[in-house]
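Please load the model in your viewer and set it to a cartoon view, with residue selection ready. The stops below say what to select next and what is found there.

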Amino acid sequence: MTGADADAAAAAAAAAPTPGAARAGHASPMLGIDLGGTKTEAVLLADDGRVTWRERLPTPSGDYDATLAMLAGFVQRGRAAAGGPVSIGIGTPGTVAADGRMKNCNSQCLNGRTLQRDLEAAFGQPVAVANDANCLALSEATDGAGAGHGVVFAAILGTGVGAGIAVHGRVLTGPNGVAGEWGHNPMPWRDPAADPEWPCFCGHRGCIETLLSGPGLARDHQAVNVKGGAAGLAAAPPLTGEAIVAAAARGDAACLATLERHATRLARALAGVINLLDPDVIVLGGGLSRMAHLYERVPALWGAWVVSRGVREPVRTRLAPSVHGDNSGVRGAAWLGRDLARRGAHRRA
Ligand SMILES: [Zn+2]
């Protein structure tokens, strides 16, 4: 057999559904796929968290069938790279509704589709599907900034604001699939004079996301600093979040003030989380999590809102950036797939 023949044979074997994969349980390498709006990445993780194979492709735009075909290709090549069955977990920008249909995806072609069911039918094995914030929470709780801690709250501060909760190494889900959707709670301890109540895409006003996301940071800077309508805008075009951070680093007073308003609001929003959940660690992911000042400034501020009457003591919750950064999505998806395979093997035993 030539090398090419061997490759073809391996690919053919890998393409066939392998119902035995779930029975192999934790012995199988873990395939994690991060299905993003513009690109999709797949990795194989070994049991110790090492990445042994990785692939990235552009996500087919607005085409559900082409998306399924792309995912099938990843599974086929992942099985071939593993030399056998794999557990499969997929991270998506949305969540799985109780009836199995996808909801809240910014890739509109996924909404209303039974992604998990369709993939399980295609691959002949259980497939875990979870949103990207839950993947971040599990990834960081397993071998990231929250490793070894019981309760981990992981928030994504990016284009939007979402979060996931991991409790003793398991992602917390619920009957509505919305655990951690703190970005669409109202900003707590709102200052009517200083906190705008902008409309949010979810249909409400004044959501945490509208103020703490990257676009929220940029909009807040503009609202405070640009006066005089169109003429003012022409004189001072909008700055992106990145530009504000860069200008603040150069000592720009207005940009420093914008970052301080953002840090104070994040401190209030996370104090609300601490009062409700009292996590051991709060992990930040997403583009804004790279702002180093947050890890000093927010814990210095949040004690003002964490309830503690009579005795003044430091807040013990730790605030940390994600260890795995942009890889948290694929890694968390892979760990989720392993958990599902283990539970499946357990039920059959
Ligand atoms: Zn909202």
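How many helices and how many strands are there in the protein? There are 12 helices and 12 strands, where helices (H or I, at least four residues) and strands (E, at least two) are DSSP runs, numbered from the N terminus. The model is predicted, so local features need pLDDT of at least 70 and side-chain atom pairs count only at pLDDT 80 or more, while totals for chains, interfaces and linings use all residues. Residues are numbered from 1 along each chain as its sequence is written.

With the whole protein selected, 42% of its 349 residues count as buried; a residue is buried if 20 or more other C-beta atoms lie within 10 Å of its own, exposed if 12 or fewer, and partly exposed in between, with C-beta atoms placed from the backbone. Residues 24 or more positions apart account for 65% of the contacts with a separation of 6 or more, two residues being in contact if their C-beta atoms, placed from the backbone, lie within 7 Å.

**Stop 1: the five-stranded sheet**

Select β1, β2, β3, β4 and β7, which form an open sheet of 5 strands in the order β3-β2-β1-β4-β7, with mixed pairing; two strands pair if DSSP finds at least two bridges between them. β3 (51–58) and β7 (127–131) stand at the edges with a single partner strand each, so one side of each is left without a neighbour in the sheet. From one strand to the next the twist averages 15°.

Now narrow the selection to β1 (30–35) and β2 (residues 39–45). These two strands run antiparallel and are joined by 6 bridges, with Val 43 in β2 as the bridge partner of Gly 32, and they form a hairpin with 3 residues between them. Extending the selection to β3 adds a second antiparallel pairing, in which 7 bridges join β2 to β3. Along that pairing Arg 56 in β3 is the bridge partner of Glu 41, and Leu 45 stands opposite Val 51. β2 and β3 form a hairpin with 5 residues between them, and in its turn Gly 49 has a positive phi of about 90°. β2 is mostly covered, as 6 of its 7 residues are buried.

**Stop 2: helices across the sheet**

Add helix α3 (residues 64–82), which lies across β1, β2, β3 and β4 (87–92) and runs at about 20° to β2. Axes are lines fitted to C-alpha atoms, for helices over the stretch in contact, and angles run from 0 to 180 degrees between N-to-C directions. Helix α5 (residues 132–143) lies across β4 and β7, running at about 105° to β7.

**Stop 3: the core**

Which residues touch the most other members of the largest nonpolar core? Of its 80 residues, they are Leu 31, Ile 33, Ala 137, Ala 154, Ala 155, Leu 270 and Leu 336; a nonpolar core is a set of buried Ala, Val, Leu, Ile, Met, Phe, Trp, Tyr and Cys residues joined through C-beta atoms within 7 Å. The largest share of this core, 9 residues, comes from α10. At least three of the core residues are drawn from each of domain 1 (7–14 + 28–137 + 327–348) and domain 2 (148–322), whose bounds come from an automatic or database domain assignment. Centre the view on Ile 33: beyond its neighbours within four places in sequence, Ile 33 is in contact with Thr 40, Ala 42, Leu 71, Phe 74, Ile 90, Val 330 and Ala 333.

**Stop 4: β8 and its partners**

Select strand β8 (residues 151–157), where 6 of the 7 residues are buried, so β8 is largely enclosed by the rest of the structure. β8 pairs with strand β9 (residues 161–167) in the antiparallel sense over 7 bridges, Ile 165 in β9 being the bridge partner of Phe 153, and the two strands form a hairpin with 3 residues between them. Strand β11 (residues 281–285) runs parallel to β8 and is joined to it by 5 bridges; the bridge partner of Ala 155 in β11 is Leu 284.

**Stop 5: α10 and two positive phi values**

Helix α10 (residues 253–277) has 25 residues and reaches 36 Å from its first C-alpha to its last, close to the 36 Å expected at 1.5 Å a residue, the expected span being 1.5 Å times one less than the number of residues. In the loop between α10 and β11 lies Asp 278, which has a positive phi of about 45° although it is not a glycine. Asp 278 is partly exposed, with 13 other C-beta atoms within 10 Å.

Finally, select His 168 in the loop between β9 and β10 (170–171). Its phi is near 50°, a positive value in a residue other than glycine, and His 168 is exposed, with 10 other C-beta atoms within 10 Å.
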